[in-house]
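Welcome! Please take a moment to look over the sequence and the model before reading on.

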Amino acid sequence: MEQRTHRLANERLVGRPLKIEPGRAEVELLTTEEMAVDEYGLVHGGFTFGLADYAAMLAVNEPTVVLGKAEVRFLKPVKVGDILIAKAEVVEDLGRKKIVKADVFRGSEKVFEGTFHCYVLDRHVLE
């Protein structure tokens, strides 16, 4: 399926789409040293969140989709060099509002889970 939203997203920051299907998406992110917040190599949670958010946007895959609210849980720490996979699925379609469940995995281990409240606007949010 063609990517219809967030087409200029930088894959080094929010991941590389692996799969885009109606109501579903998978995105992969390789964590790098520039994402670290300390000498242990702990990756800032914003990158994990950004990966999940990007997957949620791709699951909706409408050009004018935006995030309105997110309820998330960070389950495990992420470190430099981890390869993360976000899996997102639209679980409730309320017309212009879509509820998307997104989980992030390191291998088979879930490190993050969230519910994203996405809105499809009539026009671009900056217009």
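This short tour visits a helix, a pocket and a glycine in a predicted model.

Let us begin with helix α2, which covers residues 45-60. Its 16 residues, at 1.5 Å each, should span 22 Å, and the end C-alpha atoms lie 23 Å apart, which agrees. Is this helix enclosed or open to the surroundings? It is largely enclosed by the rest of the structure, because 12 of its 16 residues are buried. Among the buried ones are T48, G50, L51, D53 and Y54, and the list runs on to V60. Just after α2 comes N61, with a positive phi of about 55°.

Next comes the largest pocket, with a volume of about 170 Å³. The strands below each give two or more residues to its lining.

| Strand | Residues |
|---|---|
| β1 | 16-21 |
| β2 | 24-30 |
| β4 | 83-94 |
| β5 | 97-106 |

Lining residues of the largest pocket include K19, E21, R24, K87, E89, K101 and D103, as well as A25 and A88. What kinds of residue make up this lining? Eight are charged, two are nonpolar and no polar residue takes part.

Finally, find G68 in strand β3, which spans residues 65-74. G68 counts as exposed because its relative accessibility is 52%, and the cut-off for exposed is over 50%. Beyond its neighbours within four places in sequence, G68 is in contact with H117 and Y119. As for R16, it sits 52 residues from G68 in sequence, and the two C-alpha atoms are 23 Å apart in space.

Terms used. Residues numbered from 1 in each chain as written. Predicted model: local features only at pLDDT ≥ 70, side-chain atom pairs only at ≥ 80, totals over all residues. Heavy atoms only, no water. Helix = DSSP H or I, 4+ residues; strand = E, 2+ residues; numbered from the N terminus. Buried < 20%, exposed > 50% of the residue type's maximum accessible area, 1.4 Å probe, protein only. Contact = heavy atoms within 4.5 Å. 1 Å grid on protein atoms, 1.4 Å probe; cavity = no way out; pocket = protein on both sides within 12 Å on 5 of 7 lines; lining within 4 Å. Points joined across faces, edges and corners; volume = space filled by probe spheres on them. Nonpolar A, V, L, I, M, F, W, Y, C, P; charged D, E, K, R; others polar. Expected span 1.5 Å × (residues − 1).
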